[in-house]
Structure formats: C-alpha cells, structure tokens
Amino acid sequence: MIRLNDITLTFPDGDTRVTAVDNVSLTAHPGTVTGITGPSGSGKSSLLAVAATLIRPDSGQVLIDDIDATRLNPREATELRRDHIGIVFQQSNLIPSLTAREQLTVMNELGARHSRRKRAEAATRADMLLDAVGLTDHGDKRPHQLSGGQRQRVNIARALTNDPSVLVIDEPTSALDQERGASIIELILRLTDELNTSTLLVTHDLINLPRMHGVVHLVDGRLVDTFATT
Ligand code: ADP
Ligand code: MG
C-alpha cells in the first residue's frame, strides 16, 4: 500500500519557489490502479517522483507499506525503493547492449555475492515476467530489435523484478499509437491484479480512465477531483 499525506513539493525558481505539488493526499491499495491526470505542468511527474521516493517533499509523509519514507536516510531510502517500489518512466531507459531477459536480471548480477540459487531464481522470475508481458519469444532480443510497445513491456517487466508492492508509472503510452497504448494500459491493469501491486499511473489518455479503480485530477499541483470508478 502507498499513502501520501499532505505532500507539498517546491522547486527553486529565480528568487522565489514554484509549488509543483500542493497539499496532496492520496492512498492506493493493493490490486488497484489509481489514474493521475492533469494538464502539462500540473505536477503529475513531481508527485510520482515523491511517491517513488526519488524526491523528498518539503512537507508531508510518504508511507510505503507503513514505512515513512520521508524519515529514512539515503541508504535506507535506496533499500526501500529497491525492495518495495517499481518505477516505469515515460521514455524506456533500457540498456542497448542487453537482451530483454538480461535487462531483467542485470540488477541481480550487480548486487552483492550472487549464489547459484539466487541467480537461478532471478532467471526464473525474468522468464515468468517476460511471459506475463507477452514477450515469451522475444527474450533474446536487444532493444533495437523490439518495437516501441515491446520495449515498454520490457520496462514494465523490469520494474516488477523485485516483486514490488508499489508500482509507479509515468505516461507509459505517450510514445505509442492509440491501439498499442490501450494494450499497455490493459497489461498494467492485469499485472496489478495478478501481482497485487498498489499502482499509480499517470496518463493523458482519458479514454482509459473508466477502467481504473480511482482517478485523481491535478491542476497547478492541487487535487481538484477524486473519485472512485468502482
Ligand atoms: P507534469 O508532469 O504534470 O507535466 P511536472 O511535475 O513535470 O508536471 O511539473 C510541475 C511544475 O514543477 C512545473 O511548473 C515545472 O516547471 C516544475 N518543475 C518540475 N520539475 C522541476 C525541477 N526539477 N526544477 C524546477 N522546476 C521543476
Ligand atoms: Mg510529466
């Protein structure tokens, strides 16, 4: 579960500061997708960065599975992020020289001592996730051999390798046509259900919102509307 309590985030802007997120509270439960919408510059990415513990807010609490991330030191925050949070950015940031399957196991290889058993577990999980995102037959391909939609699927699979309880996804369909975009949203809804993640999904595709469990709308960093669709 993720709970944001009264989050405010400002950035320096010349002599003053710009308020990117203004007193936002929101809760997402396991197995649900919360859609986040709003015009460009309304604070969607800033809010996700706070939720993902990548940026510390000026004030407010970020509770990830009841751990207050805003009270952790940087090392603890990194551990929390690694073990509890999956992050998918707008642009796929895959490593060009690695195959789809390797993108999912490389973090494990870079970790501390890796036993043979851990390595086998990582490989099994990678294959399960490639299956889950519909890329069973594409595990040996590198990013340039995959379509934009397939690359985004690898990104999503990679975000799920550590079995996170919270999944944050920023405009995953912005570089895709409508049909491919819809199938990515479909995939996110299904994986959220199957893997029981608390998912926050920024999207400008209004057509997909009715499929989500809740939707919040941001304007100038403030929540203007919150409603559950189910
Ligand atoms: P959205 O994702 O909804 O387009 P953002 O969260 O990217 O909105 O931006 C919200 C506001 O915060 C904007 O006014 C933007 O200019 C400002 N902002 C975002 N990131 C930074 C930053 N790193 N430094 C300064 N201002 C920023
Ligand atoms: Mg954004």
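Student: Which element gives the largest share of the shell around ligand 1?
Tutor: Helix 1, residues 44-51, which supplies 3 residues of that shell. Keep in mind that this is a predicted model.

Student: OK, and which residues are around the ligand?
Tutor: Around ligand 1 you'll find Phe11, Ala20, Pro39, Ser40, Gly41, Ser42, Gly43, Lys44, Ser45 and Ser46.

Student: How does that shell divide into nonpolar, polar and charged?
Tutor: The split is 3 nonpolar, 6 polar and 1 charged.

Student: What sits 2.8 Å from an oxygen atom of ligand 1?
Tutor: That's an N or O atom in the side chain of Lys44. Ser46 also brings in its side chain, with an N or O atom 2.6 Å from a ligand oxygen. With Ser45 the partner is a polar backbone atom, and the distance to an oxygen of the ligand is 2.9 Å.

Student: And how much of ligand 1 does the protein bury?
Tutor: The protein buries 59% of the 560 Å² that ligand 1 exposes when taken alone.

Student: Back to Gly41 from the shell. Where does it lie, and is it buried or exposed?
Tutor: Gly41 lies in the loop between strand 3 (32-37) and helix 1. Gly41 is exposed, with a relative accessible area of 74%. That value counts only the protein chains as cover.

Student: How far is Gly41 from Arg101?
Tutor: Their C-alpha atoms are separated by 35 Å, and along the chain the two are 60 residues apart.

Student: Let's zoom out. How many helices and strands are there?
Tutor: The protein has 6 helices and 10 strands. Its radius of gyration is 18 Å, close to the 17 Å that the globule rule gives for 230 residues, so the protein is as compact as a globular protein of that length.

Student: What about the box it fills?
Tutor: Along the principal axes, the C-alpha atoms fill roughly 50 × 40 × 35 Å.

Student: What share of the residues count as buried, and what does the surface look like?
Tutor: Of the 230 residues, 47% count as buried. The protein exposes about 11600 Å², with carbon and sulfur atoms supplying 49% of that area.

Student: How much of the contact map comes from residues 24 or more positions apart?
Tutor: They account for 67% of the contacts with a separation of 6 or more.

Student: New topic: where is Thr53, and what does it touch?
Tutor: Thr53 is in the loop between helix 1 and strand 4. Leaving out residues up to four places away in sequence, Thr53 touches Val62, Ala69, Ala77, Leu80, Arg81 and Ile85. One of those, Arg81, also has a side-chain to side-chain polar contact with Thr53, at 3.0 Å.

Student: Is Thr53 buried or exposed, then?
Tutor: Thr53 is buried: its relative accessible area is 12%, and the cut-off for buried is under 20%.

Student: How about Asn208, where's that?
Tutor: Asn208 has its place in the loop between strand 8 (198-202) and strand 9 (214-219). Asn208 is buried too, with a relative accessible area of 9%. Beyond four places in sequence, Asn208 touches Ala182 and Ile185.

Student: And which side chain does His84 make a polar contact with?
Tutor: The side chain of Asp65, at 2.8 Å. His84 lies in helix 2, residues 74-84. Not counting residues up to four places away, His84 touches Asp65 along with Ile64, Ile67, Pro164, Ser165 and Val166.

Student: How far is His84 from Leu129 in space?
Tutor: It's 17 Å, C-alpha to C-alpha, with their positions 45 residues apart in sequence.

Student: Last thing, backbone angles. What is phi of Asp6?
Tutor: Phi of Asp6 is near 55 degrees, a positive value in a residue other than glycine. Asp6 lies in strand 1, residues 2-13, and is partly exposed, with a relative accessible area of 41%.

Student: Why flag a positive phi?
Tutor: Because most residues other than glycine have a negative phi. Asp66 has a positive value as well, near 70 degrees.

Student: Where is Asp66 found, and is it buried or exposed?
Tutor: Asp66 is in the loop between strand 4 (59-64) and strand 5 (67-68). Asp66 is exposed, with a relative accessible area of 63%.

Methods: Residues numbered from 1 in each chain as written. Chains lettered and ligands numbered in written order. Predicted model: local features only at pLDDT ≥ 70, side-chain atom pairs only at ≥ 80, totals over all residues. Heavy atoms only, no water. Near = heavy atom within 4 Å. Polar contact = N/O pair within 3.5 Å; in protein donor to acceptor, adjacent residues only side chain to side chain. Areas by Shrake-Rupley, 256 points an atom, 1.4 Å probe, with all protein chains shown as cover. Helix = DSSP H or I, 4+ residues; strand = E, 2+ residues; numbered from the N terminus. Nonpolar A, V, L, I, M, F, W, Y, C, P; charged D, E, K, R; others polar. Rg over C-alpha atoms; globule rule 2.2 N^0.38 Å. Buried < 20%, exposed > 50% of the residue type's maximum accessible area, 1.4 Å probe, protein only. Contact = heavy atoms within 4.5 Å.
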